[in-house]
Amino acid sequence: MTLRPDEISSVIKQQIQSYASKLDMSEAGSVIQVGDGIARVYGLDSVMSNELLEFYGGVQGIAFNLDEDSIGVVLLGSDTLIKEGDPVRRTGQIASVPVGDAMLGRVVNPLGQPIDDKGPITSSASRPIERIAPGVIEREEVNVPLQTGIKAIDSMVPIGRGQRELIIGDRQTGKTAICVDTIINQKGKGVFCVYIAIGQKASTVARIVRTLEDAGAMDYTTVVAATASDPSPLQYIAPYAGCAIGEEWMEAGKDVLCVYDDLSKHAVAYRALSLLLRRPPGREAYPGDVFYLHSRLLERSAKLSKARGGGSLTALPVIETQAGDISAYIPTNVISITDGQIYLETELFNNGIRPAINPGLSVSRVGGSAQIKAMKKIAGPLRVELAQYRELAAFAQFGSDLSKDTLERLRHGERIIEILKQPQYAPMPVEKQVLLLYVLTHKYFSKVNVEDVQKSEADFITFIEERHKPVTDEIRDKKEISAELEEKIKAAVEEFFAKHAEQ
C-alpha cells in the first residue's frame, strides 16, 4: 500500500475548510446546602431574580435570594433526590404556565401540569406567571355588572367586571360557597373562570370540581390547585399562575373571573419560604414585603380600555379571619387593596341566615355603576331598611310598648331577611331577582306569615315563569324598568297575590 501525500493534504485541507467551531456555553453552579424545600447554590453569578433553575432529576426551582456569595432557591418539587455538590443549570427563563382554551375544563397544578387524569394539555402558548399590572391609561371605569346570582350581593354589594371584591369571614361561614355560586352563575354569559385553591385539603378541591362538573360549569372554568400537601413554593406561585391563565383571555378581549381561595394561606406559605430563606421577619413574623405580595397580584385585575381590547379580569380574593377580627394584619392589608368587601358573620350563619352577609360591614366601592338600571332602581332602599331593622331589633328586645311604625319596620325587616336567604349552588338570574325585590320593597309580603315567605317566593317565581314570562324577558333584554313595564309588573304581582289570598 503506497501513501500519496497530495491526496492526504487535500483531505486535510477539506477538513479544515469544513470545520465549524461550536462553543457550548452554559453557566452551571453547584448545591452547597439543601433541605425543607430550599437549596443554596454557589457559582451562578449572572442569574436573574425569579429565574427558573434546573436541578438533578429534572426538579426545577426559582431563584429568590440573590446574595453576594450564594443564591437562595425555592424548589418546585421534592428535594429528596438533590444532594450537596449536585450541578445546577440556568434555564434563562422566568417561571411560566401554559395558557389558552386548552386549559378550559382542566384541573392543573401551579406549573400548568394536569392532575385530573385527562391526558396532557396541548397548548402552544405560555405566559410568565409574574407580570407588571396594566397602567392607569390602559384601564377603564368599571361599569358592567358581574352577576353572582346571589340576591344579597347583587342588590346591596354589587360586583362589576374588572373589580376586586374581597370575601372575608371566619372559617365555615360560606366563603367558598359564594365563589362557587358566582362561577356557576356565569354559565352562558361569556365569562371564563379560574378557580385557584391555595393550601386546601385535596378532598375539598375534589368536591368543588365535582360540584362545578355537575352544574356544567367546568366547560368555561380552569381549576389551579396547590393543596395542603404541596410544598410552600407551589402554594406561593399558585395565584400568580392562575392570574396568568386568566390574563391571556383578558388580553384577547374576553371577560374573566379569578377566585383566589384563599390568600391567608398564601401569606402563610410565603412566610414559611421567607423564614427558611433567612429573610428578616416583621409583624407576626411575616416578611416586610407581604403587602407587595398581594398588591402586585390584585392590581393585575382590570377593565381594559377599548384600545387594549376591552377585556376584563375580576378578582374575588378570599381571606379567613380569626374570631371575626378584620383588623388583623393580613385582612387589613387586603381590604386596603380591594374595591370593597363582603363580610360573612359566624353568628348570622349559625342563626340560619345564609348567605351570612353582614350588610353593615359589607361594601362595594364601585356601587350602583356595577348594577343594571332596573336593579339600581328597585334595590335602592333595601340596605337602609335592613340597617333600620337591625337597629330597631336590638332595642325592641328591651321594651314591649312599641309604636305602630316601629312594629311595621320590624315586620318588614323580618321579611327582607327571609327573602335574602338562598340555598347553596342555586344562583338566581337577575331578572327574577328584580321582580322579587319589587314585591319585597313594595311590601306585598307584609300579609304573608314570616315562616311562609320562602314558600310564597318559590310560588311567585313559578307563577311568573308560567304566566308572565315576557315580563322577565323584557327586564333581561332592556335592563331597565320603563313606566309601561312597571305597570305590567304591578299587574302580574297583584294577580299573584289576589290568587294567593284566595287559597
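**Exercise 1. Describe the surroundings of Gln 371 in this predicted model.**

*Solution.* Step 1: locate the residue. Gln 371 sits in the loop that runs between strand S16 (363-364) and helix H10 (373-379); helices (H or I, at least four residues) and strands (E, at least two) are DSSP runs, numbered from the N terminus. Residues are numbered from 1 along each chain as its sequence is written. The model is predicted, so local features need pLDDT of at least 70 and side-chain atom pairs count only at pLDDT 80 or more, while totals for chains, interfaces and linings use all residues; side-chain values use heavy atoms, with hydrogens and water left out.

Step 2: judge its accessibility. The relative accessible area of Gln 371 is 14%, so the residue is buried (buried means under 20% relative accessible area, exposed over 50%, partly exposed in between, with a 1.4 Å probe and protein chains only).

Step 3: list its partners. Apart from neighbours within four places in sequence, Gln 371 is in contact with Pro 145, Asp 154, Ser 155, Pro 158 and Lys 376, where contact means heavy atoms within 4.5 Å. With Asp 154, the side chain of Gln 371 reaches the backbone oxygen at 3.0 Å.

**Exercise 2. Determine how helices H12 and H14 pack.**

*Solution.* Step 1: take the geometry. Helix H12 (residues 404-420) and helix H14 (residues 453-467) have axes 9 Å apart and an angle of about 55°. Axes are lines fitted to C-alpha atoms, for helices over the stretch in contact, and angles run from 0 to 180 degrees between N-to-C directions.

Step 2: classify the angle. H12 and H14 are therefore oblique to each other: angles under 35 degrees count as roughly parallel, over 145 as roughly antiparallel, 65 to 115 as roughly perpendicular and the rest as oblique. The crossing of these two helices, H12 and H14, is right-handed (the near helix is turned clockwise from the far one by less than a right angle; anticlockwise would be left-handed).

Step 3: identify the residues. From H12, Arg 415, Glu 418 and Ile 419 meet Val 453, Gln 454 and Glu 457 of H14. By class, this contact of H12 with H14 has two nonpolar, one polar and three charged residues (Ala, Val, Leu, Ile, Met, Phe, Trp, Tyr, Cys and Pro count as nonpolar, Asp, Glu, Lys and Arg as charged, and the others, Gly among them, as polar).

**Exercise 3. Carry out the analysis for helices H7 and H8.**

*Solution.* Step 1: the axes of helix H7 (residues 290-298) and helix H8 (residues 329-337) come within 10 Å and cross at roughly 35°. Step 2: H7 passes H8 in a right-handed crossing. Step 3: the residues in contact include Phe 291 and Leu 298 of H7, together with Tyr 329 and Ile 337 of H8. By class, the contact of H7 with H8 has seven nonpolar, four polar and no charged residues.

**Exercise 4. Find residues with a positive phi that are not glycine.**

*Solution.* Step 1: Asp 36 has a phi of about 55° and lies in the loop between strand S1 (28-35) and strand S2 (38-42). Its relative accessible area is 64%, so Asp 36 is exposed. Step 2: Lys 479 has a phi near 60°, in the loop between helix H15 (469-478) and helix H16 (483-502). At 43% relative accessibility, Lys 479 is partly exposed.

Methods
Polar contact = N/O pair within 3.5 Å; in protein donor to acceptor, adjacent residues only side chain to side chain.
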